[in-house]
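Reader: I should like to learn how to read packing features from a set of coordinates. Might we take them one at a time, with the general idea before the case?

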Amino acid sequence: MINYLKSEHYRLLRKKSLYITSGIGFLLIVAAAAVLHYFPRIDPTFPYATSTFFYSNVVAGWVLIMLFALIFNLALTGKDLSVIKQSVSFGISRNTIYWTKLILTLSYFLLICLVGLLLAISLGENLLNTVEHSVRNFLIACFNMLPIVLSGFFMIHSLRMLNAGESIIIFLMFFIFYLSGNILRALFRFIPGLDELYKYTPNMLLNDNLVKFLNHESAFDYRFWITGFVISALSLLIGVKKFAKKPID
Amino acid sequence: MGTIIETYQLRKVFKQAEVIKSVNFSLKKGEICALIGKNGAGKSTFFKLLSGQLIPTSGDIQLFGKSGKEMEQAKKRIGFMIEEPAFFPNFTAYQNLEYFRIQRGVVDKKRIHKVLEIVGLAHERKKKFKDFSMGMKQRLGIALCLLSSPDCLVLDEPINGLDPEGIREIRQLLKRLNQENQITILISSHILAELQLLATRFVFIKNGKIVEDLSRTALDEKSKKQIRLVVNHPAKAAQLLERAYPDIQFQILPDQVITIQNHIEVAGEINRLLVENGVDVNEFRTEVLNLEEYFLGQVEGNNND
């Protein structure tokens, strides 16, 4: 596994897409901060040049983060999946391939997210009007988002390893992370015991997270971890099982 | 002589279609074995089962006497090249091999240059894989197979896309690897003449089943001759032949040509039989069959099988 990890690392560092995707992500953060920083000079009554508003864009931008996870995963696995056949025929197990690729892409994804987070905080605290406890609240809100974002990443990885097309991945992600709340609410509204289930769906939780952040009421919420764990476990379990038997052409 | 590859009752079913039908096959150390069959016969599927790209529906595979989980380790002693070699398109030949060198735990970095030299790609330092010609891709595929100094090569159509000079070079390379490095080779190709010049054993596969397994000597013996005759009434001739020799194998071809694959030793008798029964024989000769003719006769179906 170590040799496979090393070889994948060698490949990853030579992928232009790693630098392009990360660069675009960082650029968007800087651009958002710059706009908020310069806008009050044009309009002195502009009320959004605060760190809270800037951070709220990150908390509200979970769809964008998921999209970034998809693009990142596609860029790092993408068409290179065809090369797997050479590794399988050399006796490297499908399990090793599945987990190594996940560990490596996830590590880089988390590293880039962390750098992005630090960049956002340093820009927010230095360029914009700071609000008391905004960083603490922002970090709590991000911590709540973490399991949901991770579950999205695991789902994307599993689907990519099973060679699912981009449109299928986007549809499934949209359904599970965006539509599921409203669908469950409509389906179970008259069934006692299940009528509260929708509150555990990703979009409901993430919207709730944003509202609490804007009200300066951010607090650790275990429900994010329950939902994240369920989606992650299912994605990984199905992914590993199916990939173990998948024909590799 | 040790056995490198062995399969027992190997089967592969895709949905409803049985693509590999209970194949029993063994490859002995030192052999150059040619797997011959037309498109869709099951050659690539068989190779993919050996490499682990496909999971067998039933049956067993042993590589170097190991099966199950132990087989993964044994695979490291085999270089597989199945269908078109796949590499990272934006990497050069060196970068691609470096990726696999790290992955395969080959300590000696110079090995990359050595294998690139063997296949004639050492001078292509800056060209990216996506800009390679088909022949160059095949050469790089062979270089990858050689990277970890294997004891056996399994090559699916390795001379696809090569020019005649390239084909000759690869043939010489494979012969050299077999003779000097004692590398066992299992190879498939559509260019049958090339296999005839290279292989020591010929296995014919048709509809997922091995239909013939011959040594070079047996093949030479079996395919050495056929009778070719031109007659005025092919249908009448066929009737006479079938009546006189119930096990006769023959084909009726266009232009009133008949070819007979057995009973060559009684050619004179056959001629007399036809003439005495009122069939005009305008041409009668025995000719040597090449492997391709043999292959087409056996694998694509014989009129009188």
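Author: Let us begin with a pair of helices; please note that the model is predicted. Two packed helices are described by the angle between their axes and the distance between the axes. Here, helix H7 (residues 134–161) of chain A and helix H9 (residues 202–214) of chain A have axes that come within 10 Å and cross at roughly 175°.

Reader: What does a crossing of roughly 175° make of H7(A) relative to H9(A)?

Author: Angles over 145 degrees count as roughly antiparallel, and therefore H7(A) is roughly antiparallel to H9(A).

Reader: Which residues of H7(A) meet which residues of H9(A)?

Author: From H7(A) come Asn137(A), Ala141(A), Asn144(A), Met145(A) and Ile148(A); they meet Pro202(A), Leu205(A), Leu206(A), Asn209(A) and Phe213(A) in H9(A). Sorted by class, this contact has 7 nonpolar, 3 polar and no charged residues.

Reader: I should next like to understand sheets. How many strands form the open sheet that contains S5 and S9 of chain B, and in what order?

Author: Strands of a sheet pair through backbone hydrogen bonds, either parallel or antiparallel. In this sheet 6 strands follow the order S5-S6-S7-S3-S8-S9 (chain B), and the pairing is mixed. Strand S5 (78–81) and strand S9 (209–215) of chain B are the edge strands, each pairing on one side only. From one strand to the next, the twist averages 15°.

Reader: In which sense do S6 and S7 of chain B pair, parallel or antiparallel?

Author: Strand S6 (residues 152–156) and strand S7 (residues 184–188) of chain B pair in the parallel sense, over 5 bridges. To follow one of the partnerships on the structure, find Leu153(B), whose bridge partner in S7(B) is Ile185(B). A helix also lies against this sheet: H5(B) packs on it, touching S5 and S6 of chain B, and the direction of H5(B) makes about 160° with that of S5(B).

Reader: What is the strand order in the open sheet of 3 strands in chain B?

Author: The order is S2-S1-S4 (chain B), with antiparallel pairing. Strand S2 (17–28) and strand S4 (58–63) of chain B are its edge strands. Strand S1 (residues 3–14) of chain B is joined to S2(B) by 8 bridges, and these two strands run antiparallel. Among the residues in these bridges is Phe14(B), whose partner in S2(B) is Ala17(B). Helix H1 (residues 43–51) of chain B packs on this sheet and touches S1, S2 and S4 of chain B; the direction of the helix makes about 65° with that of S2(B).

Reader: Turning to the interior, which residues touch the most other members of the largest nonpolar core?

Author: That core has 70 residues, and Ala34(B), Ala143(B), Val154(B) and Val203(B) touch the most other members. Its largest share, 8 residues, comes from helix H5 (residues 134–147) of chain B. A second, separate core of 38 residues includes Phe68(A), Ala141(A), Phe153(A) and Leu206(A). Two of these names are familiar, as Ala141(A) and Leu206(A) also appear in the contact of H7(A) with H9(A).

Reader: Finally, how many residues of each chain are in contact across the two chains?

Author: The size of an interface is often given as the accessible area lost when the parts come together. Counted by residues instead, 22 of chain A are in contact with 23 of chain B. On the chain A side, the largest share, 6 residues, comes from H1(A). That side has 7 nonpolar, 8 polar and 7 charged residues.

Methods. Residues numbered from 1 in each chain as written. Chains lettered and ligands numbered in written order. Predicted model: local features only at pLDDT ≥ 70, side-chain atom pairs only at ≥ 80, totals over all residues. Core = buried A, V, L, I, M, F, W, Y, C linked by C-beta atoms within 7 Å. Buried ≥ 20, exposed ≤ 12 C-beta atoms within 10 Å, placed from the backbone. Helix = DSSP H or I, 4+ residues; strand = E, 2+ residues; numbered from the N terminus. Pairing = 2+ DSSP bridges. Contact = placed C-beta atoms within 7 Å. Axes fitted to C-alpha atoms, helices over the stretch in contact; angles between N-to-C directions. Nonpolar A, V, L, I, M, F, W, Y, C, P; charged D, E, K, R; others polar. Parallel < 35°, antiparallel > 145°, perpendicular 65-115°, else oblique.
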